[in-house]
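Student: I have a structure open and no idea where to begin. Can we walk through it?
Tutor: Yes, one topic at a time.

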Amino acid sequence: MTSTLPESVKADAQRWFAEYWDPDLPLGQWWQLLADSGWAFPSWPEGFGGRGLSSAATKAAVQARREAGAFGPPNGVATFLAAPTIMHYGTEEQKRKYIPKIVNGQEIWCQLFSEPGAGSDMAGLATKAIRDGDEWIVNGQKVWNSGAQWAQYGILIARTDPQQPKHRGITYFLIDMEQDGVDVRPLKEMTGDAAFNEVFLNDARVAESDRLGDLGDGWRVAMTTLSHERDPDNAGMGDTAAFGEIDLAESVGEYSATLSSKNDGFSLALSGGVTRVLEGVTSQFEASEDPKVRQKLASILEMRRTSRWSGMRAAAKIKSGGQPGPEVSTLKLLGSEMGRQIRDVGLESMGAHGMLYGQDAPVDGLFHAYSMFTPAQSIAGGSDEVQRNIIGERVLGLPREPGEKEQRELPWSELPRS
Ligand SMILES: Cc1cc2nc3c(=O)[nH]c(=O)nc-3n(C[C@H](O)[C@H](O)[C@H](O)COP(=O)(O)OP(=O)(O)OC[C@H]3O[C@@H](n4cnc5c(N)ncnc54)[C@H](O)[C@@H]3O)c2cc1C
């Protein structure tokens with residue numbers, strides 16, 4: 001039996017990467033090799049791109065890959081939200097149908113949760129799914145759906161019983177995005193990119209066999225999805241955010257070079273590569289010796305350490321089959337605060353160059369693209385205010401928001417709506 005101690009896992013991984021890593025391979029072939037070997041997502045089960053390894057052993061394996069300079073597995077909504085949720089709640093058939101094409105990067109997924117009238121109050125969602133024989137007919141509007149313009153599938157929550165209280169009448173589905181009833185319209189952001197979309201569902205169809213979890217249990221399934229958003233064993237596993245068109249026939253080397261040259265703040269925030277860019281900026285402008293800059297860098301480092309600790313606690317709970325609690329909110333808050341501090345210290349270090357934008361700006365405008373994206377970090381995945389509410393109520397024991405308890409009991413159809 002092979003040892004799962006981190007040192008021997010690292011040695012195994014090093015041997016494997018030394019033998020197989022080749023930047024001239026087509027991207028699709030490399031991702032398939034990674035998935036088949038289990039080095040793609042080492043903490044995931046065998047047969048699904050992983051080896052069922054512990055957090056520590058996973059870290060050792062990822063380190064071995066990075067030291068070998070080998071390109072990572074696909075990374076995006078498919079890998080950090082859809083796949084873990086399908087593995088948790090899916091039937092064997094659903095797992096076999098969807099996971100293999102997620103781990104080898106063939107299929108891109110998006111998340112269809114938020115609505116124009118239901119963001120922070122996600123449980124108030126109005127998109128309806130009505131049963132029709134072996135299928136469900138879905139009608140409604142979703143919004144802020146990252147990568148939906150490129151997605152083949154979506155994880156969707158919809159109301160299946162308006163007579164139940166708002167958290168109870170929701171069901172979770174896996175929906176085919178490439179059908180006539182799904183209309184995706186990109187939204188342009190202040191960064192200049194259109195990473196997210198609004199999605200109109202007009203008599204869209206979902207097979208009953210693509211319902212994930214029990215009827216009316218969608219809220220619980222959705223909470224599992226959101227808890228994985230910050231699982232450190234998943235997030236940042238790939239060196240890339242899988243947004244945009246992906247050509248699996250292109251060589252890994254070419255694809256990786258295109259990604260590194262992309263001025264995309266969203267990808268940089270997701271891949272966690274921004275601290276490397278910040279180091280480059282502070283040394284280019286000789287700011288690393290400035291006591292004020294050093295103080296801020298120390299504070300960022302401190303937050304990184306704390307967030308790693310909270311992340312490990314959350315990951316341990318997920319692994320033991322539980323739901324992580326308020327530590328996920330702490331992680332989320334630390335993430336947005338770090339983003340703001342990184343932005344400020346980087347722009348201050350540049351002096352007047354901080355006012356430039358695009359190709360004229362230092363480091364090809366990459367840091368500026370990230371700076372424009374930072375406000376999004378305190379909104380995406382639940383706003384900072386909402387995370388503070390959770391910490392206030394669940395950690396500090398503060399009273400719940402006025403009227404919330406009553407609203408939880410009333411049928412959704414009787415709730416006041418604007
Ligand atoms: C970059 C990015 C990517 C995203 N990707 C996706 C995606 O792929 N799929 C998806 O479904 N969604 C996605 N979202 C949407 C995101 O989940 C929502 O924007 C978020 O939940 C907030 O909802 P909202 O925008 O409707 O704001 P609202 O809920 O309308 O909030 C508006 C303001 O009111 C505050 N507020 C609301 N309720 C309270 C309260 N109870 N107490 C105190 N303050 C409150 C909020 O903090 C916020 O400042 C994305 C968002 C961003 C920014």
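Domains, ligand and strands

Tutor: The domain assignment splits the chain into domain 1 (6-82), domain 2 (107-222) and domain 3 (261-394). Keep in mind that this is a predicted model.

Student: OK, how far apart are the C-alpha centres of domain 2 and domain 3?
Tutor: Those two centres are 29 Å apart.

Student: And the ligand, which domains does the shell around it draw at least three residues from?
Tutor: Domain 2 (107-222) and domain 3 (261-394) each supply at least three residues to that shell.

Student: Which residues come nearest to the ligand?
Tutor: Phe113, Gly119, Ser120, Ser383 and Glu385 do, out of 21 residues around the ligand. As for elements, strand 1 (109-112) and helix 13 (384-394) are the ones that give two or more residues to the shell.

Student: How many of the shell residues are nonpolar, polar or charged?
Tutor: The shell has 9 nonpolar residues, 10 polar ones and 2 charged ones.

Student: Switching to strands. In what sense do strand 3 and strand 7 pair?
Tutor: Antiparallel: strand 3 (residues 135-143) and strand 7 (residues 196-207) are joined over 8 bridges. In that pairing, Val138 is opposite Ala204 of strand 7.

Student: What about strand 6 and strand 7, how many bridges there?
Tutor: Strand 6 (residues 182-187) pairs with strand 7 over 6 bridges, in the antiparallel sense. There, Leu187 stands opposite Phe196 of strand 7.

Student: And where do side chains point in a regular strand?
Tutor: They alternate between the two faces of the sheet.

Technical notes
Residues are numbered from 1 along each chain as its sequence is written. This is a predicted model: local features need pLDDT of at least 70, side-chain atom pairs count only at pLDDT 80 or more; totals for chains, interfaces and linings use all residues. A residue is near a molecule or strand if its C-beta atom, placed from the backbone, lies within 6 Å of it. Helices (H or I, at least four residues) and strands (E, at least two) are DSSP runs, numbered from the N terminus. Ala, Val, Leu, Ile, Met, Phe, Trp, Tyr, Cys and Pro count as nonpolar, Asp, Glu, Lys and Arg as charged, and the others, Gly among them, as polar. Domain bounds come from an automatic or database domain assignment. Two strands pair if DSSP finds at least two bridges between them.
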